[in-house]
Amino acid sequence: MKMNRFLHKIVAVTVISGVSLTSCESYLDVNDNPNYPIEADISTLLPSACASTIAVLGYNGVLIGTMWLQFTTQGNTTNQYNTLCNYSLSTSSYTSFWRNAYVNTLPDLKDIITTSESEEMWDYWVIAKVLTAYNYHILTDLYEDIPFTEALDNENYPQPNYDDSRTVVYPGIIDMLDEAIDRISDAEANPSTGIDEYDMFLEGDMDSWRKFAKNLKLKVMMSAYFLRKIHSIMTNCKFVIGRDFDTYSSEISSLLSEDDFLEEDCAFTDFEDATNKGNPLYEYNIRQLNTQENIRACHTLLEYLLNYNDPRIVNLYETTTASGGDTSLSYGELYEGLPCGTKPSSSTVIALSESSRYLQSYDDPVYLMNQAEIYFLEAEAYARLGNTSMAKTKYDAGVEAAFDRWESTAGQGAAFISAGGAYEFDSSSEEAMLKCILTQEWVSYAHANCLDGVFDRNRTGIPAISSASTVRVSNYPGERTLSSGYELGTLVAPGSTVLQPTEYPRRLLVPNISSDYNTNAPTTKALEEPMWWQVAQGE
């Protein structure tokens, strides 16, 4: 199976990620990597960079996404992810995002760019440019201001400055993507031998990489432009982030009119059912821990799916042990969740056997983007630009793609979006369209690249944070009456949150593995302080 010789790197980084949550961090600075090879063959560097890109995303990215979007919560007899559920993070929490990017992934990609440019191997160059943009986008959306222009040059910048996300990093990412798109024709004219084997995502297909670059460019510009649109309307002024308000509107419209997006999954799928060769979260949470009871279904998503009799539930959660998996039973009798973050007693409220595990497999894909997300992103852009017809077309495609992800529910999405269907598109207003699109996008992130769902929630404010303290009145199994004031498809405050009830995590804190050794590191902001591109609570 292709690329299995590189799977050990995925798991190696995953194990580091797990250890870093509870043990002391090393002295590593963002530019300090004593084990990094001086020279490496380009055909080795590319799969290495691909592997390290998905390693932390497939473990910590999924953990954060699935719990903060309230698809899952901590099991009520174990404690592995309690601090994640209640947002109790510190400067030493989840630092593997930072360490892995600056120590492994970005240096690999920098070397690929340098070597491929000198040897005019433009297909390698294009892939490395796009993946560099992708990794910086994840970093800036996690931390806001980051080392960018001075990063990866330890000789000249041993303590790199943190660049402003709004005026430097976001425009820089767009420039990288434009450079990659402009080089596609050169790459197609002289393809490199064997690149289909070394590209772990799109098998060296330059047509697909051009389209994916445009997907990412649209995503970045949506953050940069549409939040500025909201504030411009509110304050009657313009905001500049390297280009002016009207320029971004024009560029987004141009991208949409080109209709040149990758409308399929961009993911790594070639995992094996063997130690150190499976999906990163599966390797750590299932194969390596001494219990499989940590991650359970959360009431927030579970009750939404049950209310609409959504068959995707079978692909997200295991049936409860108490139900015996009797297929003659209804979904409501087969599946049960736990309240978000409260860890109810297993002896007096809900027994372990009466709640559903999060369904995991060694071959779960790790996505850079999923097909449904791409359609929903287009639908959102069309809705904001006032094109109701295209917004509906892309919305419908997104819902169907989200159902088609699994064989068991393929083709069933059409009934949900038909006239009178549970997920029929509401075109009555821009607000109604956005609520439809972003709510279904939220659901589609379950068992996909759900960290992107956290970014989207913070960018748009959807799902909203409910004023109700719980999803359900009762935590007892099968008692499904919703709490007064709770609306399905909204989030609730975890029962043990360290934030205020209507506050939500907006960032990871500046990691101590940089701040302890870099005098240019900024003072860390509060976990709940919005970044420049995020909608403030209540807007």
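This passage walks through the fold, helices, core and polar links of a predicted model.

Starting with the overall picture, the protein is built from 20 helices and 6 strands. Of its 539 residues, 59% count as buried. Contacts across long stretches of sequence are plentiful here: taking the contacts with a separation of 6 or more, 76% come from residues 24 or more positions apart.

Two helices give a feel for how the pieces sit. Helix H5 covers residues 122–143, 22 residues in total, and spans 31 Å from its first C-alpha to its last, close to the expected 32 Å. As for its surroundings, 22 of the 22 residues of H5 are buried, so the helix is largely enclosed by the rest of the structure. Right after H5 comes Glu 144, with a positive phi near 75°. Helix H16, residues 388–404, has 17 residues and reaches 24 Å between its first and last C-alpha, close to the 24 Å expected. Its buried residues are Ala 391, Lys 394, Tyr 395, Asp 396, Gly 398, Val 399, Ala 401, Ala 402 and Phe 403. Those buried residues of H16 pack against three helices, namely H15 (371–384), H17 (413–417) and H18 (430–444).

Next comes the nonpolar interior. In soluble globular proteins, nonpolar side chains tend to be buried together. In this model, the largest nonpolar core takes in 158 residues, and the ones with the most contacts inside it are Tyr 136, Phe 201, Trp 209, Phe 212, Tyr 317 and Tyr 395. Two of these names tie back to the helices above: Tyr 136 falls within the residue range 122–143 of H5, and Tyr 395 is on the list of buried residues of H16. Leaving aside residues up to four places away in sequence, Tyr 136 touches Tyr 102, Leu 106, Ile 146, Pro 147, Phe 148, Ala 151, Leu 152, Ile 173 and Met 176.

Aromatic rings also meet one another, and the structure holds 23 aromatic pairs. One of them joins Phe 268 and Phe 271 edge-to-face, with 4.8 Å centre to centre and 85° between the planes. Both partners are tucked away: Phe 268 counts as buried at 1% relative accessibility, and Phe 271 counts as buried at 3%. Elsewhere, Phe 71, Tyr 304, Tyr 308, Phe 403, Phe 416, Tyr 423 and Trp 442 form one aromatic cluster. Phe 403 of that cluster is also among the buried residues of H16.

Turning to charged side chains, the count comes to 31 salt bridges. Lys 214 pairs with Asp 260, and their closest N and O atoms are 2.9 Å apart. Lys 214 sits in helix H9 (residues 206–235), while Asp 260 belongs to the loop between helix H10 (245–258) and strand S4 (266–268), so this pair ties together parts that are 46 residues apart in sequence. Both ends are out of the way, with Lys 214 buried at 10% relative accessibility and Asp 260 buried at 12%.

A second salt bridge brings together Arg 480 and Glu 336, at 3.6 Å from N to O. This one links distant parts of the chain, 144 residues apart: Arg 480 is in the loop between helices H19 (450–460) and H20 (512–515), and Glu 336 is in the loop between helix H14 (331–334) and strand S6 (366–369). Arg 480 is partly exposed at 21% relative accessible area, whereas Glu 336 is buried at 3%.

A local example comes from helix H19, where Asp 456 and Arg 459 sit 3 residues apart, about one turn of the helix. Their side chains meet in a salt bridge of 3.3 Å, N to O, and both residues are buried. Salt bridges can also share partners, and in this way Asp 207, Arg 210, Lys 211, Lys 214, Glu 258 and Asp 260 are joined into one network.

Finally, there is a polar residue on the inside. Gln 74 lies in strand S1 (residues 72–74) and counts as buried, at 4% relative accessibility. A polar atom of the Gln 74 side chain lies 2.7 Å from the backbone nitrogen of Tyr 81, and a polar contact of 3.1 Å joins the side chains of Gln 74 and Asn 294. Beyond four places in sequence, the residues touched by Gln 74 also include Met 67, Cys 85, Arg 296 and Leu 338.

Technical notes: Residues are numbered from 1 along each chain as its sequence is written. This is a predicted model: local features need pLDDT of at least 70, side-chain atom pairs count only at pLDDT 80 or more; totals for chains, interfaces and linings use all residues. Side-chain values use heavy atoms; hydrogens and water are left out. Helices (H or I, at least four residues) and strands (E, at least two) are DSSP runs, numbered from the N terminus. The expected span of a helix is 1.5 Å times one less than its number of residues. Buried means under 20% relative accessible area, exposed over 50%, partly exposed in between (1.4 Å probe, protein chains only). A polar contact is a pair of N or O atoms within 3.5 Å; within protein, one must be able to donate a hydrogen and the other to accept it, and residues adjacent in sequence count only if both atoms are side-chain atoms. Contact means heavy atoms within 4.5 Å. A salt bridge is a side-chain nitrogen of Lys or Arg within 4 Å of a carboxyl oxygen of Asp or Glu. A nonpolar core is a set of buried Ala, Val, Leu, Ile, Met, Phe, Trp, Tyr and Cys residues joined through side-chain atoms within 4.5 Å. Rings of Phe, Tyr and Trp (its six-membered ring) pair if their centres lie within 6.5 Å; planes under 30 degrees apart count as stacked, over 60 as edge-to-face and the rest as tilted.
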